[in-house]
Amino acid sequence: MNKKFDRFAGVAFLLIGILFLIESQKISDSAYGSSVGPKIFPMWLGIVLMALSIRLIYETFKYKTEESKKEKLQYKKFFIIFGSAVLYAFFLEKIGYAVSTFLFLLIAFQTMERGKVVYSVIISAAFSFGVYYLFSEVLGGSLPGFPLF
Amino acid sequence: MDTLQFLADGFKVAFQWHNILFAFVGVLIGTAVGVLPGIGPMSGVALLIPVTATITSGMPTGDAAASSLILLAGVYYGAMYGGSTTSILLNTPGESSSVVTTLDGYQMAQQGRAGSALSIAAIGSFFAGIVALIGLVLLAEPLSNVAIKFGPAEYFSLMLLGLAAVSGLAGKSMTKALMMTVFGLMLGTIGIDAVSGIARFTYDQPVLYSGLEFLTIAVGLFALGEVIKTILERDEETGSIAKINRVLPTKQDLKDSTVPIVRGSLLGFFIGVLPGAGATLASFFSYTTEKKFSKNPESFGKGNIAGVAGPESANNAASGGAMIPLLTLGIPGSGTTAILMGALIMYNIQPGPLLFDEHPEVAWGLIASMFIGNLMLLVLNMPLVRVFAKIIQTPKKYLLPMIIAISFFGVYAVQYTTFDLFLLLGCGILGYLLSKNDYPVAPLVLALVLGPMIENNMRRALTISNGDFSIFFTKPLSLVFIVAAVAWLLVPLLLKLRGRKVIINEEG
């Protein structure tokens with residue numbers, strides 16, 4: 001149990017609940033005469049989530065903090081891979097599927113473990129071009145193709 | 001007699017050559033998913049949905065759905081087979097439903113009886129698969145005949161029961177599980193309201209009009225969340241793999257495990273049918289039952305074959321049993337079946353009582369294919385167990401980036417928007433943070449799938465009753481469901497108050 005995270009999550013979900021409650025009031029009433037319009041369900045969800053969040057925050061005061069042993073997280077690796085994944089998503093439509101996937105895999109493989117560049121190049125090339133060929137040529141799907149220079 | 005006719009038709013569907021291929025690919029990938037620690041059945045199925053969707057894109061909807069479901073379900077029960085392999089050989093369960101198998105399975109492996117343990121697990125799983133199949137055949141028709149009489153009020157309460165069951169059993173804190181459920185329901189309301197056509201929470205963003213894609217969220221929360229976890233927390237490399245001497249069990253082993261297999265299969269099947277209680281719970285129950293019935297309970301944990309046979313049969317039977325509420329009532333009882341249901345909905349096929357009338361080829365084709373798939377698994381797992389054991393050694397450095405690439409491909413191939421890719425990444429981080437802090441993500445996905453249906457049924461029921469909420473309590477069946485839902489949430493709470501330890505279901 002991580003008290004800090006639970007409190008933070010409790011507050012975050014409380015805010016989401018309040019936001020939902022307020023925003024649901026802005027939904028226009030349905031056109032036909034039913035008394036249960038499109039806003040009822042989201043409104044109640046907001047209220048229930050608020051109640052649950054308050055209960056969670058209350059719970060965090062009750063239990064004792066367990067001294068959790070600090071594990072070393074590999075932030076550097078994670079941020080490089082996640083960052084390149086974001087760039088991958090951003091460039092996918094711009095430079096095409098095969099090229100962007102190849103670059104992403106190459107960077108990610110090398111980040112996971114340095115060295116053996118040849119293997120990394122072969123595997124990323126096989127994966128990216130293989131998937132592209134199979135999907136768009138054989139199966140007739142559509143993926144962003146190669147960049148036009 | 002009708003049922004047999006339908007079953008024969010189902011076999012006709014399942015025996016089409018491409019469906020045999022689909023079942024084969026499904027169980028093969030499923031076994032691999034079960035063997036690989038880090039990818040559970042849930043992310044395995046979620047990752048493959050887009051792939052199957054594209055492969056089947058040329059077929060008519062009904063056939064396409066049948067074929068995809070055959071493959072995806074194959075992954076689900078194939079993972080139950082594969083999970084036992086690592087438990088026995090490495091002492092690391094490939095997925096949570098095989099945790100108890102490590103207790104006796106690894107001990108057996110250390111005594112040089114790894115082959116016996118593996119083959120008994122495979123035989124037990126096969127038998128359990130057949131039991132679940134027979135149960136499905138017997139129960140499907142009558143249950144769907146009952147369910148067809150349900151009105152919106154009954155459906156609303158039944159889905160509420162499904163959500164309550166999953167939230168009540170998931171994770172350590174019920175508050176957190178319920179929060180996740182409500183949050184999932186909220187995400188489900190984004191988009192254009194199906195009843196009135198009014199846009200909700202879209203803020204004039206065109207990508208939001210059709211709502212958040214369930215697939216993106218499921219893949220992000222499960223698959224990507226697990227990948228992020230493995231990248232961040234380098235877990236210790238596993239020990240050496242036990243040697244496999246002979247793959248066939250001895251006569252004595254077979255004799256000792258017959259009764260546990262039968263007991264485990266029946267127990268697992270009925271636990272699987274219950275919503276919320278999945279394969280993990282089934283295997284735990286089976287283990288404790290076997291220990292109770294055993295003549296020398298002290299031999300458990302020291303390599304008693306009953307401790308492998310029972311739980312392994314139970315988890316496979318449970319995965320078959322879990323298909324019953326999904327197919328007949330349209331209510332998924334676990335995370336994985338919720339994802340299967342999402343796949344069906346993607347094909348515009350609504351699981352539920354009408355499924356057996358409108359798309360018999362989907363329902364019966366799936367049931368028949370489970371028989372074929374189980375047979376394949378038995379054949380695959382006996383001689384090829386050594387090959388599968390090798391999969392464990394796939395280096396993580398190649399595996400993890402590839403899972404990211406596959407999920408990108410899957411999401412993009414279905415949605416064609418960059419927005420979904422960013423949503424996927426966001427869900428990955430969210431999934432990691434949530435499950436790390438004991439916020440179960442399975443109820444969230446289940447709620448996201450069920451959300452729109454719950455709301456529509458609620459509003460339909462309330463329209464019938466002119467806005468009077470008492471309709472949910474005055475209809476007898478609906479009342480029963482609501483009482484059961486409340487009980488499901490309250491009973492564990494009461495047990496906890498009295499200091500009893502409650503078994504929870506963690507399906508990953």
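## A turn after helix 14

Just after helix 14 of chain B, Asn348(B) takes a positive phi of about 65°. Helices here are DSSP runs of H or I with at least four residues, strands are runs of E with at least two, and both are numbered from the N terminus. This is a predicted model, in which local features need pLDDT of at least 70 and side-chain atom pairs count only at pLDDT 80 or more, while totals for chains, interfaces and linings use all residues. Residues are numbered from 1 along each chain as its sequence is written, with chains lettered from A and ligands numbered from 1 in the order in which they are written.

Helix 14 itself covers residues 335-346 of chain B, and its end C-alpha atoms are 17 Å apart, which agrees with the 16 Å that its 12 residues should span at 1.5 Å a residue. That expected span is 1.5 Å times one less than the number of residues.

## Two enclosed helices

Of the 12 residues of helix 14 of chain B, 10 are buried, so this helix is largely enclosed by the rest of the structure. A residue counts as buried if 20 or more other C-beta atoms lie within 10 Å of its own, as exposed if 12 or fewer do, and as partly exposed in between, with C-beta atoms placed from the backbone. The buried residues include Gly335(B), Ile339(B), Met341(B) and Leu344(B). What do they pack against? The buried residues of helix 14 of chain B pack against helix 3, helix 4 (61-90), helix 9, helix 13 (323-329) and helix 20 of chain B.

Helix 8 of chain B tells a similar story: 16 of its 16 residues are buried, so it is largely enclosed by the rest of the structure. Its end C-alpha atoms lie 23 Å apart, in agreement with the 22 Å that 16 residues should span at 1.5 Å a residue. Gly191(B) follows helix 8 of chain B and has a positive phi, near 115°.

## Chain B as a whole

Chain B has 22 helices and 2 strands. Its radius of gyration is 22 Å, which agrees with the value near 23 Å for a compact globule of 508 residues. This radius is taken over C-alpha atoms, and the globule rule is 2.2 Å times the number of residues to the power 0.38. Along the principal axes, the C-alpha atoms of chain B fill a box of roughly 70 × 55 × 50 Å.

Buried residues make up 63% of the 508 residues in chain B. Among contacts in chain B between residues at least 6 apart in sequence, 81% join residues at least 24 apart. Two residues are in contact if their C-beta atoms, placed from the backbone, lie within 7 Å.

## Residues worth a look

Most residues other than glycine have a negative phi. Tyr416(B), in the loop between helix 18 and helix 19 of chain B, has a positive phi near 55°. With 13 C-beta neighbours inside 10 Å, Tyr416(B) counts as partly exposed. Asp438(B) sits in the loop between helix 19 and helix 20 of chain B and has a positive phi of about 65°. Asp438(B) is partly exposed, with 17 other C-beta atoms within 10 Å.

Is Leu355(B) buried or exposed? With 24 C-beta neighbours inside 10 Å, Leu355(B) counts as buried. Its place is in helix 15 (residues 355-358) of chain B. Leaving aside residues up to four places away in sequence, Leu355(B) touches Leu327(B), Gln350(B), Val362(B) and Ala363(B).

## Where the chains meet

The contact between the chains takes 45 residues from chain B and 51 residues from chain A. On the side of chain B that touches chain A, the largest share, 11 residues, comes from helix 18 of chain B. By class, this side of chain B has 28 nonpolar, 9 polar and 8 charged residues. Ala, Val, Leu, Ile, Met, Phe, Trp, Tyr, Cys and Pro count as nonpolar, Asp, Glu, Lys and Arg as charged, and the others, Gly among them, as polar.

Chain A is divided into domain 1 (3-62) and domain 2 (75-138), with bounds from an automatic or database domain assignment. The centres of these two domains, taken over C-alpha atoms, are 40 Å apart.

## Confidence

The model scores ipTM 0.90 and pTM 0.86. In chain B the mean pLDDT is 83, and 94% of residues reach 70 or more; pLDDT is the predictor's confidence in each residue, from 0 to 100. Among the elements of chain B, helix 17 (residues 385-391) has the lowest mean pLDDT, 74, and helix 19 the highest, 92.
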